[in-house]
Amino acid sequence: MSGCWAPLITCEHAGNAVPPEYLPLFAGREGLLASHRGFDLGALATAASLARAAGAPLLSVAFTRLLADHNRSIGHPRLFSDITKPLPRRTRQEILAACYVPHREAVIAKVTALRATGRRVLHIASHSFTPRLGDVVRHCDVGFLYDPKRAVEKAFCSRWLRELRCLDGDLILRRNYPYRGVTDGLVTVLRRRFGEAYAGMELEVNQRFARGSDEALASINEHLAEALLRAMGRETGCLTPEKA
């Protein structure tokens, strides 16, 4: 396997679309669909910025996570929302087939194809988080989620964080916050499936940027993309994994 990265960007909670056949489930719940429970505000714009900068493929999901959470595994208690969990099993299976499985299969196929090039896959899953959850204020602007036991992921996230801090020293940057990088999710599934030929991490951006001006979101995305390229070793002409 060569030393170069093969980047892949995904966005599991990109939109809050609902197929026509399931629209009756959300009658009167438009506010819920538009909230952080319906989708990750700003995450798709961030994903697109990273993909353009890195020349990476981008795979995203337009359907709301309130149908089935694309970042949860089959059998996880929070795979279905309070709206879809009470539905008959057959209906839930239909939702999975139409709105969940295609993204999983597309990502697995893309990782497989990238691995075939002889490079280590660098998968970044773009997400965002609400600044306040209940009574808890999240004191963080950008979170980098990874498995601390995987040296390559730890080293890469540290380098990305360091480069981002150089570009904007006022940002509050944290590791494995507001979630742990080893909890159930698409990235953790792919780690088990592809082993050391795959490095996966989740990027969590505070939704305050997307809730602010277009300039605020564009600025943080520009800095994230530039820091990503530096972390990937753009200057060398080969996007090389940092040795642990």
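A pocket here is an open set of grid points with protein on both sides within 12 Å along at least five of seven lines, and its lining residues are those with an atom within 4 Å of a point. With that in hand, here's a quick tour of the structure, which is a predicted model. The largest pocket is lined by 32 residues, the sheet is an open one of six strands, and β3 has 10 of its 10 residues buried.

**The largest pocket**

- The volume of the largest pocket comes to about 700 Å³.
- Of the 32 lining residues, the ones nearest the pocket centre are Arg65, Asp69, Arg72, Arg78 and Tyr179.
- Sorted by class, that lining breaks down into 13 charged, 11 polar and eight nonpolar residues.
- Two strands, β3 (120-129) and β8, put in at least two residues each.
- β3 has the largest share of this lining, with three residues.

**The cavity**

- There's one cavity of 30 Å³ or more to look at, and the space inside the largest cavity is about 30 Å³.
- Around the largest cavity you'll find Arg120, Arg150, Ala151, Val152, Glu153, Glu196, Tyr198 and Ala199.
- The elements giving two or more residues to that lining are α4 (151-167) and β8 (198-206).
- α4 gives the most, with three residues.
- By class, the cavity lining has four charged and four nonpolar residues, and no polar ones.

**How the sheet is put together**

- Reading across the open sheet, the strand order is β2-β1-β3-β8-β6-β7, and the pairing is mixed.
- β2 (58-60) and β7 (173-175) are the edge strands; each has a single partner strand, so one side of each goes without a neighbour in the sheet.
- From one strand to the next, the twist averages 20 degrees.
- As a reminder, strands of a sheet pair through backbone hydrogen bonds, in either a parallel or an antiparallel sense.

**Strand pairs, one by one**

- β1 (residues 5-11) and β2 run parallel and are joined by three bridges; Thr10 has Leu59 of β2 as its bridge partner.
- β1 and β3 also run parallel, with six bridges between them, and here Trp5 sits opposite Arg120 of β3.
- β3 and β8 are a parallel pair too, with nine bridges; Leu122 is matched with Ala199 in β8.
- Over at the β7 edge, β6 and β7 run parallel through three bridges, and Gly143 has Arg174 of β7 as its bridge partner.

**Buried strands**

- What does it say about β3 that 10 of its 10 residues are buried? It means the strand is largely enclosed by the rest of the structure.
- Both faces of β3 are covered, with Arg120, Leu122, Ile124, Ser126 and Ser128 buried on one side.
- On the other side of β3, the buried set is Val121, His123, Ala125, His127 and Phe129.
- Strand β6 (residues 142-145) sends Val142 and Phe144 one way and Gly143 and Leu145 the other, and all of them are buried.

**Helix α2 and Thr46**

- Helix α2 (residues 43-54) packs on the sheet, where it touches β1, β2, β3 and β8.
- The direction of α2 makes about 160 degrees with that of β1.
- Thr46 belongs to helix α2.
- Is Thr46 buried or exposed? Thr46 has 2% relative accessibility, and since buried means under 20%, Thr46 counts as buried.
- Leaving out residues up to four places away in sequence, Thr46 touches Ser126, Leu203, Val205, Leu217, Asn221 and Leu224.
- Ser126, one of those contacts, is among the buried residues of β3.

**Gly233 and the N-terminal strand**

- Where is Gly233 found? Gly233 lies in the segment after α7 (214-231).
- At 5% relative accessibility, Gly233 also counts as buried.
- In sequence, Gly233 and Trp5 are 228 residues apart, yet C-alpha to C-alpha they are 9.4 Å apart in space.
- Trp5 is the residue standing opposite Arg120 in β3, and Arg120 in turn helps line the largest cavity.

Notes: Residues numbered from 1 in each chain as written. Predicted model: local features only at pLDDT ≥ 70, side-chain atom pairs only at ≥ 80, totals over all residues. Heavy atoms only, no water. 1 Å grid on protein atoms, 1.4 Å probe; cavity = no way out; pocket = protein on both sides within 12 Å on 5 of 7 lines; lining within 4 Å. Points joined across faces, edges and corners; volume = space filled by probe spheres on them. Helix = DSSP H or I, 4+ residues; strand = E, 2+ residues; numbered from the N terminus. Nonpolar A, V, L, I, M, F, W, Y, C, P; charged D, E, K, R; others polar. Pairing = 2+ DSSP bridges. Axes fitted to C-alpha atoms, helices over the stretch in contact; angles between N-to-C directions. Contact = heavy atoms within 4.5 Å. Buried < 20%, exposed > 50% of the residue type's maximum accessible area, 1.4 Å probe, protein only.
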